[in-house]
Amino acid sequence: MNDENLGPRSVRDSQSEMTEIILPNDANPLGDLLGGRLMHWIDLAGALAAHRHSRSYVVTASVDHIDFLVPVKIGDLAILRSSVNRVFNSSMEVGVKVWVENYIADTAKHVGSAYLTFVAIDGKGNRLKVAPVVPDTDEQRRRYDDAGRRREIRRAELERRRKAKR
Ligand SMILES: CC(C)(COP(=O)(O)OP(=O)(O)OC[C@H]1O[C@@H](n2cnc3c(N)ncnc32)[C@H](O)[C@@H]1OP(=O)(O)O)[C@@H](O)C(=O)NCCC(=O)NCCS
């Protein structure tokens, strides 16, 4: 990454949207979307925002817990919206919000949200510094502040697990 890539960028530059139609191969025998399939899409949707913001390769460092609030059925549309909440040094927190849309009933419901941390790397796997992200709206500022609190919780939990292994 060259220095001109390190200028601050707006949250909206990373905003991404991915839509999937739920097909039988995505579902269990009752016709409900598999949780693992949705987790895969969440990872991809998160990576879109991380790539767009950092303009680099990224790896997923962690995914915070995910609640599945409502079922998603075969034939529904899953809509995944992602954006960078906050950048630290080489890592950034991305939020992914998932919606289910039924175009026959004309309904849309919130399925769940997830926070993922991506680390920017170059083609040889070396970590890269990431440009800061600038929140422009109250909602983006709230997510930015919350991301700082979540990072502290993640670091404390990682440290606790490392100590428990010794
Ligand atoms: C993620 C990875 C690059 C971190 O490497 P590391 O040697 O632990 O690096 P560091 O401790 O120096 O941390 C680098 C950054 O990652 C962050 N990080 C590391 N582990 C993390 C975790 N579990 N959750 C969130 N952030 C994490 C650090 O906070 C740091 O952020 P900063 O640079 O913004 O301050 C490394 O563990 C890795 O390559 N993992 C495999 C990634 C992968 O293959 N993912 C696909 C799924 S298998």
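**Exercise 1.** In this predicted model, determine in which order the five strands form the open sheet, and which strands stand at its edges.

*Solution.* Begin with the strand order, which reads β2-β4-β5-β6-β3, with antiparallel pairing. Next, look for strands with a single partner: these are β2 (16–21) and β3, so each of them has one side left without a neighbour in the sheet. Finally, from one strand to the next, the twist averages 30°.

**Exercise 2.** Describe how β4 is joined to β5, and state how the helices α1 and α2 are directed relative to β4.

*Solution.* The strands β4 and β5 run antiparallel and are joined by ten bridges; within this region, serine 83 stands opposite glycine 95 of β5. The helix α1 lies across β2, β3, β4, β5 and β6, and runs at about 45° to β4. The helix α2 also packs on the sheet, where it touches β3, β4, β5 and β6, but its direction makes about 80° with that of β4.

**Exercise 3.** Identify the residues of the largest nonpolar core that touch the most other members, and then list the contacts of alanine 78.

*Solution.* The core holds 31 residues, of which Ala50, Ala78, Val84, Val94, Val96 and Phe118 touch the most other members. At least two core residues come from each of α1 (35–54), β4 (77–87), β5 (91–102) and β6 (107–121). For alanine 78, once residues up to four places away in sequence are set aside, the contacts are Glu20, Ile22, Leu33, Leu38, Trp41, Val72, Val98 and Val100.

**Exercise 4.** Characterise the shell of residues around the ligand.

*Solution.* The ligand is surrounded by 13 residues, the closest being Ser62, Phe88, Asn89, Ser90 and Ser91. By element, β3 gives the largest share, four residues. By class, the shell divides into five nonpolar, six polar and two charged residues.

Note on methods:
Residues numbered from 1 in each chain as written. Predicted model: local features only at pLDDT ≥ 70, side-chain atom pairs only at ≥ 80, totals over all residues. Core = buried A, V, L, I, M, F, W, Y, C linked by C-beta atoms within 7 Å. Buried ≥ 20, exposed ≤ 12 C-beta atoms within 10 Å, placed from the backbone. Contact = placed C-beta atoms within 7 Å. Near = placed C-beta within 6 Å. Nonpolar A, V, L, I, M, F, W, Y, C, P; charged D, E, K, R; others polar. Pairing = 2+ DSSP bridges. Axes fitted to C-alpha atoms, helices over the stretch in contact; angles between N-to-C directions.
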